[in-house]
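Trainee: I have a model open and would like to talk it through with you. Shall we take it one question at a time?

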Amino acid sequence: MVIIFCDKKYAFCYCCWLFGDESTKRSVWCTGYTDWKHLSKSAKAHGRSKAHLSSAIAASSFRKKLDIRHKLDNQITEEAKKWRTLLNIFSDTVRTLSGLGLALRGHRENLLEDENPGIYLSVIKLISRHKPILQAHIESSERVKYLSKTITFELLDILATETCQAIVNECKSAKFFALIADSTTDVAHLDQMAVLVRYVVINIDIPNSPKVVIKESFLCFVRLKKGDATSICNEITAILFEKFNFEKKYLCGQSYDGAPVMSGGSGGVQVKLKEFLDDGDGSFVPYIHCLSHQMNLVLIHAAEKNASSSIKVFFAHSHRRWEEILKQSESSSRTSDDFGIKLLKELKKKYLV
Ligand SMILES: [Zn+2]
C-alpha cells in the first residue's frame, strides 16, 4: 500500500521518501508528484514497483526495531524497579536490626533449608511471606541474591559511614567539643580504643525556649599497636584532626580512665595532647578523670570487700535497693567527683549497718 502525503503542490510516497535508496530518492515519488489527474493509477503502479517494495520492507523492519526497543526499555524499567524494591528492603532491615544492636548472622545461613538462619535472614524470610516480589526473588534460581554476608557488611559499612558523618557534622556545628577515649583488649587479643566526642546541641527552632541537649557520641574504634602515651596520642590526633578534620582550637576537654599512661601528669596522654594543641596562645584542654570509671572502680573495690555476694546481686535482688540506686543515680550529687563513694556510703549506712 502506498501512503501518500502532500504539501500544497506535490505528493510524496511516505516509505520511499523516508527509507528509499539513492535511486529511489531520485524518483518522482520522492522529488514530488504533480500529475494529480492520474494520481490514483500512478500510486497503484508505484505500490507494485520493486523500489517501493524495498522501501516498505525497510520501513516495516524499522517499526519492528522500535517495538523491540520499547519492549526492552519496559523490561529494564521493570527490572530496575524490582531491584530498587529489594535493595530498599535489605538496607532497611539491616538498618533496623543494627539500630537495635542485634547480631545479624546465624551459625548456618541457608535461607531455604535452615530453620534458624540468623536474625537478618529470618526477618527477610518473614517479610517475604507478605511481599511476593521478595518471595519470588528468594525462590528464583538466579545466582545474584544480594543476601550474602559480603553485601550485608557493605550495607553496614555504608550506614556506619553515614551515621558517623552525621555525628561529626553535628559536633562541628556545635563548635566546642570534648574527647573521651578508652581502650580494652577484645576476644581476639587486640587492643581496641574507643574514641568518643561530647558536645552540646542547642535546638534553636523554638526561639523562646531553646532545647539544650548534651550529647556523647561514639566515633570509631582504633586498634592500638603500641600502648605508650606518645603512640596513643598520635592515634587520637590522627583520628580527630586528620580523619574527621575537627579544628584543634575547639577541643576543650579530655577524659580518660585513671591509668597512668592516660592520666599521668608528666608523660601521660593528657599531657602529650596538651603539648600537641599548644600553639603558644595558652590552649586550655583540661583532663578530667572519667566519672563512670570512678564509679566502676568503686564498685569493683566494694565487690572485692564483699566477697560472699557480689555487689550486683546485692542491689538487683531487692526492689527497694534497686529503686534506691536508681534514685541516687538521678540525684544532683552525680555531678560531684566522688559520686560513687558518696553513693556507696549512703547505701551502706542504710542497708548494711
Ligand atoms: Zn514508494
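Trainee: Where is K131 found?
Mentor: Keep in mind that this is a predicted model. Two helices help you place K131: α6 covers 119–128 and α7 covers 132–139. K131 is found in the loop between α6 and α7.

Trainee: Is K131 buried, partly exposed or exposed?
Mentor: Let's count neighbours: K131 has 16 other C-beta atoms within 10 Å. A buried residue needs 20 or more, and an exposed one has 12 or fewer. With 16, K131 is therefore partly exposed.

Trainee: Which element gives the largest share of the largest nonpolar core?
Mentor: Good one! That core has 20 residues, and those with the most contacts inside it are L179, A181, V197, C233, I236 and V269. The elements that give two or more residues to it are β3 (177–185), β4 (191–203), α9 (229–243), β6 (251–256) and α11 (269–277). The largest share, five residues, comes from α9.

Trainee: Which residues does A181 touch, leaving out those up to four places away in sequence?
Mentor: A181 is among the residues with the most contacts inside the largest core. Leaving out residues up to four places away in sequence, A181 touches M193, A194, V195, I236 and Y256.

Trainee: How are α9 and α11 oriented to each other: roughly parallel, roughly perpendicular or oblique?
Mentor: Their axes are 9 Å apart, and the helices pack at an angle of about 50°. Angles under 35 degrees count as roughly parallel and 65 to 115 as roughly perpendicular. An angle of about 50° fits neither range, so α9 and α11 are oblique.

Trainee: How do the residues of the contact of α9 with α11 divide into nonpolar, polar and charged?
Mentor: From α9 come A229, T230, I232, C233, I236 and T237, while α11 brings V269, K272, L273 and F276. In soluble globular proteins, nonpolar side chains tend to be buried together. Here the contact divides into seven nonpolar, two polar and one charged.

Trainee: What is the phi of K175 near?
Mentor: K175 lies in the loop between α8 (149–173) and β3, and it is exposed, with 12 other C-beta atoms within 10 Å. Most residues other than glycine have a negative phi. K175 has a positive value, near 70°.

Trainee: And N245, is it buried or exposed?
Mentor: N245 lies in the loop between α9 and β6, and its phi is also positive, near 55°. It has 9 other C-beta atoms within 10 Å, so N245 is exposed.

Notes:
Residues are numbered from 1 along each chain as its sequence is written. This is a predicted model: local features need pLDDT of at least 70, side-chain atom pairs count only at pLDDT 80 or more; totals for chains, interfaces and linings use all residues. Helices (H or I, at least four residues) and strands (E, at least two) are DSSP runs, numbered from the N terminus. A nonpolar core is a set of buried Ala, Val, Leu, Ile, Met, Phe, Trp, Tyr and Cys residues joined through C-beta atoms within 7 Å. Two residues are in contact if their C-beta atoms, placed from the backbone, lie within 7 Å. Axes are lines fitted to C-alpha atoms, for helices over the stretch in contact, and angles run from 0 to 180 degrees between N-to-C directions. Angles under 35 degrees count as roughly parallel, over 145 as roughly antiparallel, 65 to 115 as roughly perpendicular and the rest as oblique. Ala, Val, Leu, Ile, Met, Phe, Trp, Tyr, Cys and Pro count as nonpolar, Asp, Glu, Lys and Arg as charged, and the others, Gly among them, as polar.
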